[in-house]
Protein chains: 2
Amino acid sequence: MRELGEFALIDRINAGRAHAREVLIGPGDDAALIAAPDGRFVVTTDMLVEGRHFRFDWSSPVDVGRKAIAQNAADVVAMGARPTSFVVALGCPADTPVSVIEGLADGMWQEAARAGGSIAGGDLVRSSEVVISVTAFGDLGGAVEVRRSGASKGEIVAVAGELGWSAAGLALLERGTVRATTELSRFEAKALETHRVPQPVYDAVLALAANRPRALTDISDGLLADLGHLARASGVSIDIDRALLADPELDAVATSVNADAPQWILAGGEDHAFAGTFDADAPLPPGWRRIGTVGVGSGVTVDGTTPNMRGGWDSFRGSDESSTPSPR
Amino acid sequence: MRELGEFALIDRINAGRAHAREVLIGPGDDAALIAAPDGRFVVTTDMLVEGRHFRFDWSSPVDVGRKAIAQNAADVVAMGARPTSFVVALGCPADTPVSVIEGLADGMWQEAARAGGSIAGGDLVRSSEVVISVTAFGDLGGAVEVRRSGASKGEIVAVAGELGWSAAGLALLERGTVRATTELSRFEAKALETHRVPQPVYDAVLALAANRPRALTDISDGLLADLGHLARASGVSIDIDRALLADPELDAVATSVNADAPQWILAGGEDHAFAGTFDADAPLPPGWRRIGTVGVGSGVTVDGTTPNMRGGWDSFRGSDESSTPSPR
């Protein structure tokens with residue numbers, strides 16, 4: 001990468017890409033120009049650090065690129081907005097192979113297309129470990145944004161997307177139980193794939209015509225932690241029905257590594273599923289399943305009891321060991 | 001910082017801040033929501049890495065925070081847009097003192113206010129060196145964006161803001177000639193201050209009522225390099241009149257360290273001055289001074305000759321030694 005140089009490399013990873021129609025001016029000027037037909041735009045940013053958020057011995061550069069975009073796109077969709085574009089700042093050691101940068105870029109472009117946008121610009125600098133900083137943009141299309149603070153007593157709590165599978169995949173990788181691909185069970189393979197490339201079900205939110213959620217969040221810190229943020233923002237309590245979270249397939253993976261599937265489901269983040277609250281009077285929209293109920297008061301309980309587990313991710317205090325790649 | 005934890009620290013650095021009116025939803029939800037009254041928004045992103053783009057033994061955290069925002073705001077203004085808001089992803093070692101994070105945040109908020117915006121959101125993660133990734137947004141207010149590609153033969157090339165002073169400050173720091181503040185000459189003090197906190201003259205662009213530039217860029221890679229980008233994008237040549245770049249004050253600083261002021265002026269970036277081209281028939285707007293002329297052909301010359309110097313910054317090939325803080 002030192003050989004090729006910054007500008008040549010930027011040209012190379014941008015060559016032949018097709019931009020989303022919202023990208024009015026893409027890479028190459030002092031700044032990009034993006035359409036915001038709603039007159040407002042949604043924006044979120046996440047930084048991923050090698051050894052902390054991903055490891056190249058566990059994930060390919062394409063996987064890492066896809067995940068970096070997916071987790072940002074999920075935050076945009078969690079406001080009820082359609083992703084339009086992304087900018088990416090990338091820090092790399094000077095001896096990073098060009099193929100790694102190209103893989104990251106390819107993965108980013110793939111997931112951006114799946115989410116409905118393209119990569120409008122970026123920056124490329126030298127750093128001592130790979131650092132990926134993604135900023136994502138979305139358009140509300142005239143709709144009201146869906147905030148975490150909109151939940152009310154009596155509403156149904158529902159999720160779209162699977163829970164716990166990314167944590168399961170990470171556990172398999174951490175315990176070194178991953179053998180040749182051919183020896184993996186179907187469920188183990190699914191867990192690994194989900195950890196490497198989460199697949200947020202964007203359409204479960206974006207395709208909603210009626211019965212939109214009253215409050216909505218992306219699950220990135222863990223179900224309990226993120227529902228805790230939502231409950232606090234809304235001034236309500238949430239009770240989860242543990243039976244509705246049962247996943248026999250995930251139990252099978254957990255048994256094979258002597259782990260606890262409910263722990264993965266309740267505290268594992270990174271599946272980037274969506275959690276929302278809905279009117280109790282109308283049927284849940286397609287892709288959503290009920291997991292609990294909104295009540296008065298505060299806090300999140302499971303079957304009426306405060307869960308006795310470490311739930312959620314905090315970048316500095318460290319957190320649930322099973323969801324933290326060890327820094328190298 | 002490990003003690004306080006991510007969420008408490010984020011609360012602390014966001015407490016009591018006043019947002020720009022364009023920030024409709026600030027920190028605390030899955031994403032922020034920003035007004036884009038023009039129906040489009042300008043966006044740019046830059047990553048700054050400790051030891052490479054700044055050093056805490058040379059600059060205070062407040063200085064670094066200000067510089068991180070200033071260089072992004074300058075890119076927004078270089079499109080002819082008014083900065084409205086910023087998002088910041090920050091990576092820090094776990095043992096980073098909270099006071100450093102607070103200083104960075106204070107500096108960012110100060111410069112955001114000077115540029116006309118506020119910090120609408122961000123991310124805070126653990127990394128092995130301090131990494132600051134800023135994304136900046138701007139609104140065109142119904143005006144046509146000013147691109148690098150708009151220059152035509154016969155136009156005047158002009159700059160707003162001083163050139164070479166940041167490179168001079170860096171040279172003083174690198175040569176270890178910085179003594180106690182009381183021993184610095186007035187010009188040395190100005191060079192250090194410009195290196196630590198560049199002050200882009202945003203208003204030289206934003207306050208323009210008439211005679212707007214036909215092509216415009218921020219000078220971040222160095223005058224020759226950035227005019228080279230502009231000339232290439234416009235399909236023109238540019239000739240600089242060296243006499244118009246003379247700066248006797250900067251010469252005085254250069255003499256004291258046995259350096260070459262024209263080298264600083266032509267190849268030093270980071271002052272974040274603006275360079276643009278203007279119609280020859282109208283007087284230059286306030287704050288702008290003529291430095292050259294647009295011609296046919298390609299390339300940038302000085303007094304008709306191709307300059308024999310290394311001009312500009314490339315993150316990976318390394319570049320002009322005198323504008324690169326040594327990686328630690």
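Copies are superposed here by least squares on the C-alpha atoms of residues with pLDDT of at least 70 in both. In this predicted model, a turn of 180° and a shift of 0.0 Å along the axis lay chain B on chain A with an RMSD of 0.0 Å. The two copies are thus related as by a two-fold rotation axis. Among the residues of chain B, the one that comes closest to this axis is Gly39(B), whose C-alpha lies at 2.4 Å.

The interface involves 69 residues of chain B in contact with 69 residues of chain A. Of the interface residues of chain B, 100% are also interface residues in chain A, so the copies meet through the same surface. Between them, the two chains bury about 5600 Å², and carbon and sulfur atoms account for 59% of this area.

Polar contacts between chain B and chain A number 24 residue pairs, counted with both residues at pLDDT 80 or more. On the side of chain B that touches chain A, the largest share comes from S3(B), with nine residues. By class, this side of chain B has 34 nonpolar, 16 polar and 19 charged residues. Six salt bridges are found across the interface. One salt bridge links Asp30(B) with Arg148(A), where the closest N and O atoms are 3.3 Å apart.

Strand pairing also crosses from one chain to the other. Strand S2 of chain A, residues 32-35, is joined to S3(B) by four bridges, and the two strands run antiparallel. Within this pairing, Ile34(A) has Phe41(B) of S3(B) as its bridge partner.

Technical notes: Residues numbered from 1 in each chain as written. Chains lettered and ligands numbered in written order. Predicted model: local features only at pLDDT ≥ 70, side-chain atom pairs only at ≥ 80, totals over all residues. Heavy atoms only, no water. Contact = heavy atoms within 4.5 Å. Buried area = accessible area lost by both parts, 1.4 Å probe. Salt bridge = Lys/Arg side-chain N within 4 Å of Asp/Glu carboxyl O. Polar contact = N/O pair within 3.5 Å; in protein donor to acceptor, adjacent residues only side chain to side chain. Nonpolar A, V, L, I, M, F, W, Y, C, P; charged D, E, K, R; others polar. Pairing = 2+ DSSP bridges.
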